[in-house]
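Okay, thanks for coming, everyone. Let me put the model up and we'll walk through a few parts of it together.

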Amino acid sequence: MALVARVRALLLPGSRLRGATLGRAANGGGAGARRALSHRVLVEADPAAGVAVVKFRNPPVNSLSLEMLTELGICLEKLENDKTVRGIVLTADRPGIFSAGLDLTEMCGRNPAHYAEFWKAVQELWLRLYQSNMALGAAINGTCPAGGCLLSLTCDYRILADNPKYTIGLNETQLGIFAPFWFKDTMVNTIGHRATERALQLGLLFTPAEALQVGLVDQVVPEDQVQSTALSVMSQWLAIPDHARQLTKTMMRKATVDQLLKHREADIQNFVSFISRDSIQKVLQVYLQKLRKKNH
Ligand SMILES: CCCCC/C=C\C/C=C\CC/C=C/CC(=O)SCCNC(=O)CCNC(=O)[C@H](O)C(C)(C)COP(=O)(O)OP(=O)(O)OC[C@H]1O[C@@H](n2cnc3c(N)ncnc32)[C@H](O)[C@@H]1OP(=O)(O)O
């Protein structure tokens, strides 16, 4: 289903999104700051600074469900059309978990049509973020595996909280699945081929010190300074004339984007047939059960 159709579906009677305010809603924060609410995404915009902070709040772990992907996509589209916003900082509403990655329940026990719809939504969000004309920063205030790491890698820079409990990486192989080519390319573009090959094959989750060393993040700062640092780094990016920064970003990312655009349909079909395999369903179910057992 296309983004517009998914939004309509979300707005049908009975949907949890119905009645939610997706536009700018109320004053909040400092002078001129504006807040907008949807269920799973909170936006704090500061028009004077030209920056919006987009906060994930999809408890318990900020997983990227179909609804979360859709709300995030709507929110980013609105911000892209807002002339007062030139930069976006992505972060979690609460410290602890930036995002647990793609929602595993969307990839388990569903039908092929659902897998195709879900994967299309993952592609759409990646394309929106990776091609964004905005300057994007990630204020990573919690653990950041797999799809969470991918979100941060679409940004122009990453600031990670200095907490050894927080790890970051594309750990798909540890689940018995693997990162598709465009996840891989996004990481290669950040840390290079050899470091990516090692990280992906071993499904490494890096501590803050390791992530800094390998170049997966640009700065590690005390936990209470993650957002303020991300905002002050943003002012450096916004000091560059937009057109010059945007043309450079497009030049750097075009080949990677074009690969997915060229193989988009095949990538969906490959995902659907891979994820539908009995053996893959089994490993995902075992992984989910292990996560759930901890709590019961
Ligand atoms: C041949 C051609 C092939 C072409 C191939 C194409 C594609 C390739 C194929 C597939 C690629 C698919 C890509 C996937 C990328 C991903 O993002 S997969 C998700 C990876 N994520 C993780 O591994 C993280 C798992 N979670 C955790 O490690 C922990 O939850 C946490 C984040 C560290 C938090 O720990 P904490 O102790 O605070 O919380 P709990 O573990 O107790 O969790 C609470 C609650 O939430 C549930 N949950 C956790 N993570 C997820 C998730 N990602 N999705 C859904 N649900 C999740 C957990 O089960 C608990 O539930 P409850 O017990 O019922 O409350």
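Quick definition before we start: two strands count as paired if DSSP finds at least two bridges between them. Helices (H or I, at least four residues) and strands (E, at least two) are DSSP runs, numbered from the N terminus. Keep in mind that this is a predicted model, so to speak of local features we need pLDDT of at least 70, side-chain atom pairs count only at pLDDT 80 or more, and totals for chains, interfaces and linings use all residues. Residues are numbered from 1 along each chain as its sequence is written.

So, the sheet. It's an open one of 3 strands, in the order β6-β8-β10, with parallel pairing. β6 (96-97) and β10 (168-169) sit at the edges with a single partner strand each, so one side of each has no neighbour in the sheet. Between β8 and β10 there are 2 bridges, and Cys144 stands opposite Ile168 in β10.

Now the ligand. Which residues come nearest? Of the 29 around the ligand, they're Gly101, Leu102, Ala146, Gly147 and Asn270; "around" here means a C-beta atom, placed from the backbone, within 6 Å. Elements giving two or more residues to that shell include β8 (142-145) and α4 (146-153), and α11 gives the most, with 4.

Last bit: helices α6 (181-191) and α7 (193-202) pack at about 130 degrees, axes 7 Å apart. Axes are lines fitted to C-alpha atoms over the stretch in contact, and angles run from 0 to 180 degrees between N-to-C directions.
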